[in-house]
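Please look through the structure shown here before reading on. The text below walks through it part by part.

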Amino acid sequence: MVHLDYRDARPIYTQIADNFRNQIRAGVLAEGDKLPSVRELASELAINPNTIQRAYRELETDGWIASVSGKGSFVCGAPRQENPETDALWQELDAVTAKLMASGTSRQAILQYLKQGGVTNA
């Protein structure tokens, strides 16, 4: 599930977090999937559990996962705002969508438009 490269200059916890991010982006891990426990993964990778805990904490802080006390850590999906440029574009889309819906355009029509790649039926 997680691959470590000991020749990589990045810290182990960063490699673990990046590995999970890539799996979430690729759809290998879906929203709601449970991650291995800290102890499980530490045992599997033969590394200190604190390293796993640090990776999970970073993922949680960035919004990739959520920890539920007594239950474990679960995938939340990729955070929508990964960088400032796309954040502004998402905000614009939200505003346009709200205006369209206020003018009477249905949610289905908006979704259909987006599924077609933004091409109108002219």
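What follows is an explanation of a predicted model, taking its core, a loop residue and a hairpin in turn.

Start with the core. The largest nonpolar core holds 21 residues. Within this core, the residues with the most contacts are I16, F20, L41, L45, I52 and Y56. Two or more residues come from each of α1 (12-26), α2 and α3. The largest share belongs to α1, which supplies five residues. I52 shows how such a residue is surrounded: when neighbours within four places in sequence are left aside, I52 is in contact with I16, V38, L41, A42, L45 and I47.

Now turn to the loop between α2 (38-45) and α3 (49-61), where N48 is placed. Is N48 buried, partly exposed or exposed? The relative accessibility of N48 is 42%, and because partly exposed covers the range between under 20% for buried and over 50% for exposed, N48 counts as partly exposed. The side chain of N48 also has a polar atom 2.8 Å from the backbone nitrogen of N50. A78 stands 30 residues from N48 along the chain, and the C-alpha atoms of these two residues are 26 Å apart.

The last part is a hairpin. Strand β1 (residues 65-68) and strand β2 (residues 72-75) run antiparallel and are joined by four bridges. One of the pairings involves S67, whose bridge partner in β2 is S73. Three residues lie between the strands of this hairpin. In the hairpin, G70 takes a positive phi near 80 degrees.

Definitions and conventions: Residues are numbered from 1 along each chain as its sequence is written. This is a predicted model: local features need pLDDT of at least 70, side-chain atom pairs count only at pLDDT 80 or more; totals for chains, interfaces and linings use all residues. Side-chain values use heavy atoms; hydrogens and water are left out. Buried means under 20% relative accessible area, exposed over 50%, partly exposed in between (1.4 Å probe, protein chains only). A polar contact is a pair of N or O atoms within 3.5 Å; within protein, one must be able to donate a hydrogen and the other to accept it, and residues adjacent in sequence count only if both atoms are side-chain atoms. A nonpolar core is a set of buried Ala, Val, Leu, Ile, Met, Phe, Trp, Tyr and Cys residues joined through side-chain atoms within 4.5 Å. Contact means heavy atoms within 4.5 Å. Two strands pair if DSSP finds at least two bridges between them.
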